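Open the model in your viewer and keep the side chains switched on. The stops below go through charged pairs and then cysteines.

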Amino acid sequence: MTGALYAVSDLHVSYAENRAVVDGLRPETADDWLIVAGDVGEVFADIERTLRLLRDRFARVVWAPGNHELWTHPNDPVTLRGVARYDALVAMCRELGVLTPEDDYPVWRGAGGPVTVAPLFLLYDYSFRAPGTTTKEESLRAAYDAGVVCTDEMLLHPDPYPDRESWCAARLEQTRLRLEATDPALPTVLASHWPLVRQPTEVLWFPEFAQWCGTDRTADWHVRHRAAVAVYGHLHIPRTTHYDGVRFEEVSLGYPREWRRRGGEPAPMKRILG
Ligand SMILES: [Fe+2]
Ligand SMILES: [Fe+2]
């Protein structure tokens, strides 16, 4: 069996330095796959250009959205909001031949396989509350008081849902059914922009930010849905951890100021299997 399954996230191509890093992303063999776990960028045309470039290089590209793709950014001529924007991103990916959370989950049959590769779009529901708070309202207030407010509050519109937690609840229900329908004989690679479990957020410099990072309702999904590996990004803290014996890989590139601080040339593409 040849090839490897790679993953990367948080390419944030609005930064020229990050575009240069993306230009250097290359497969090692003609059989390699790449998971792109969200936050390619926020301008529709930039996301499309980047995914096309990666699709031209890798045997298969599998994408899940991050919060930045879902923003309706004032610099973006595409003014769609919420579900309509997500649907347009999915349609664009299908034009390119990039797989999305709405497509049949592919099976990786290369080295380390076979495994079902499931890109997930789940969002968050403010259940990773700020310390000392017990309701969403208190948690948000703590974030505003600390001056740590995710830009999603201004730019990630939930339309036609009344709020982001309702959109999250709908995504959880749809996705659970999809995962339950996968081949029970195969392990999975679960790839979501937001971590499935809360623990990775415990190292955040500002704990108030955790409320924009996931949902308690996926706390057992890595076990329940047979994950061999759970891939995520969003936190911009690339590392490998294990929960309940399952390997979690945070695969973000992050902002230039973040990867420069880590020193050396960034090599964000992480080998997941193979
Ligand atoms: Fe990011
Ligand atoms: Fe993010």
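A residue counts as buried under 20% relative accessible area, as exposed over 50%, and as partly exposed in between. This is a predicted model.

**Stop 1: a link between distant parts of the chain**

Select Glu102, which sits in the loop between helix H4 (82-96) and strand S4 (107-108). Glu102 has a relative accessibility of 28% and is therefore partly exposed. Now add Arg171, in helix H7 (residues 164-180). The side chains of Glu102 and Arg171 form a salt bridge, with N and O 3.0 Å apart. The two residues are 69 apart in the chain, so the pair links distant parts of it. Unlike the partly exposed Glu102, Arg171 is buried, at 7% relative accessible area. This pair belongs to a structure in which a search finds 16 salt bridges.

**Stop 2: along helix H7**

Stay on helix H7 and select Arg176. Which residues share a salt-bridge network with Arg176? The network links Glu173, Arg176 and Glu180.

Take the Glu173 side of the network to begin with. The closest N and O atoms of Arg176 and Glu173 are 2.6 Å apart. These two residues are three positions apart in helix H7, so about one helical turn separates them.

Then select Glu180. The salt bridge from Arg176 to Glu180 has its closest N and O atoms 3.0 Å apart. Here the spacing is four residues, again about one turn of helix H7.

Colour the three by accessibility: Arg176 is partly exposed at 27%, Glu173 is partly exposed at 36%, and Glu180 is partly exposed at 44%.

**Stop 3: two cysteines**

Select Cys150 and show its sulfur. How far away is the nearest cysteine sulfur? That sulfur belongs to Cys213 and lies 7.6 Å away. A disulfide requires two cysteine sulfur atoms within 2.5 Å, so a pair at a greater distance does not count. Cys150 is accordingly in no disulfide.

Move to Cys213 and look back: its nearest cysteine sulfur is that of Cys150, at 7.6 Å, and Cys213 is in no disulfide either. The count of disulfides comes to zero.

Finish by checking the accessibility of both residues. Cys150 is buried, with a relative accessible area of 5%, and Cys213 is buried at 0%.

Conventions: Residues numbered from 1 in each chain as written. Chains lettered and ligands numbered in written order. Predicted model: local features only at pLDDT ≥ 70, side-chain atom pairs only at ≥ 80, totals over all residues. Heavy atoms only, no water. Buried < 20%, exposed > 50% of the residue type's maximum accessible area, 1.4 Å probe, protein only. Salt bridge = Lys/Arg side-chain N within 4 Å of Asp/Glu carboxyl O.
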